[in-house]
Amino acid sequence: MNAEFKINGTQIETERLILRPFQQSDLDDFYEYASVKGVGEMAGWHHHENREKSQTILDRFISEDKTFAICLKTSGKVIGSLGVEKYGREEVLTEFYGYKGREIGYVLSKDYWGKGIMPEAVNAVIKYLFNDLYLDFLLCGYYLFNVQSKRVQEKCGFKQYRKLKAETKLGTTEDMILNLLVNPNKNIKFNFSHPETLIYQED
Ligand SMILES: CC(C)(COP(=O)(O)OP(=O)(O)OC[C@H]1O[C@@H](n2cnc3c(N)ncnc32)[C@H](O)[C@@H]1OP(=O)(O)O)[C@@H](O)C(=O)NCCC(=O)NCCS
């Protein structure tokens, strides 16, 4: 089942970053990284053609209150986002009935790739969701071509769970891997359904 989740003013601090709710004054920083070609496309959405597009998404981030702004501690600049999303196919993935989870998604400004920033942000959010909110599991996916995102998920301890196909906002269908991370503080053994897409190997 999808867990209830709202950021509700929570701030998470890491060595280099502050994760906090988005605010209206983030528009310039948001548009700066979201308008770069080839960034959103790796996550299945078109880069923003104008500020109005960024404003629409920013309004949604603020009203839905489930997407953290990733800010540099030194300058306060917003350099990415990390969403604690509802996972899809909830009725089909029967192994999660009676358990609480969410799906993580993220994007980082191209100027900051390759410095381990997203693993730092994702690890901090995992810690918060498992240790403070007691979620049972997290999902995180990547399209097969996205080796950068694959690496982030490996570095954060996610394990390959299912091989699926996904429709993107770009109008394409992509092969994707959905990864799973189980809360290590809990003794959970899932009764997995749908063996035809399952690639999970238990320890
Ligand atoms: C995926 C993403 C968040 C990674 O963030 P990051 O902070 O750069 O992550 P890392 O520094 O750990 O780098 C991850 C991998 O990217 C690759 N990489 C690093 N710098 C790179 C660069 N400048 N160009 C291309 N690839 C690069 C490396 O293979 C690295 O793996 P390694 O550490 O084993 O060498 C970032 O690339 C991004 O925002 N991509 C576009 C959006 C996206 O794909 N979102 C995820 C959708 S599932």
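**Exercise 1.** In this predicted model, work out what separates Glu154 and Arg151 in helix H4, and how their side chains meet.

*Solution.* Glu154 and Arg151 stand three residues apart in helix H4 (residues 147–155), and they are therefore separated by about one helical turn. Their side chains meet in a salt bridge, at 2.7 Å from N to O. Since partly exposed covers the range between 20% and 50% relative accessible area, Glu154 at 38% counts as partly exposed, and so does Arg151 at 44%.

**Exercise 2.** Determine which parts of the chain the pair Glu95 and Arg162 ties together, and whether these residues are buried or exposed.

*Solution.* Begin with the contact itself: the side chains of Glu95 and Arg162 form a salt bridge of 2.6 Å, N to O. Glu95 belongs to the loop between E4 and E5, while Arg162 belongs to strand E7 (residues 159–167), so the pair ties together parts that lie 67 residues apart in sequence. As for accessibility, both Glu95 and Arg162 are buried.

**Exercise 3.** Describe the largest nonpolar core, stating which residues touch the most other members and which element gives the most to it.

*Solution.* The core has 33 residues, of which Phe68, Leu82, Ile104, Val122, Val125, Ile126 and Leu129 touch the most other members. Strands E2, E3, E4, E5 and E6, together with helix H3, each supply at least two residues of this core, and H3 gives the most, with 10 residues. Apart from this core lies another, of 17 residues, including Leu164, Val182, Phe192 and Tyr200.

Methods:
Residues numbered from 1 in each chain as written. Predicted model: local features only at pLDDT ≥ 70, side-chain atom pairs only at ≥ 80, totals over all residues. Heavy atoms only, no water. Core = buried A, V, L, I, M, F, W, Y, C linked by side-chain atoms within 4.5 Å. Buried < 20%, exposed > 50% of the residue type's maximum accessible area, 1.4 Å probe, protein only. Helix = DSSP H or I, 4+ residues; strand = E, 2+ residues; numbered from the N terminus. Salt bridge = Lys/Arg side-chain N within 4 Å of Asp/Glu carboxyl O.
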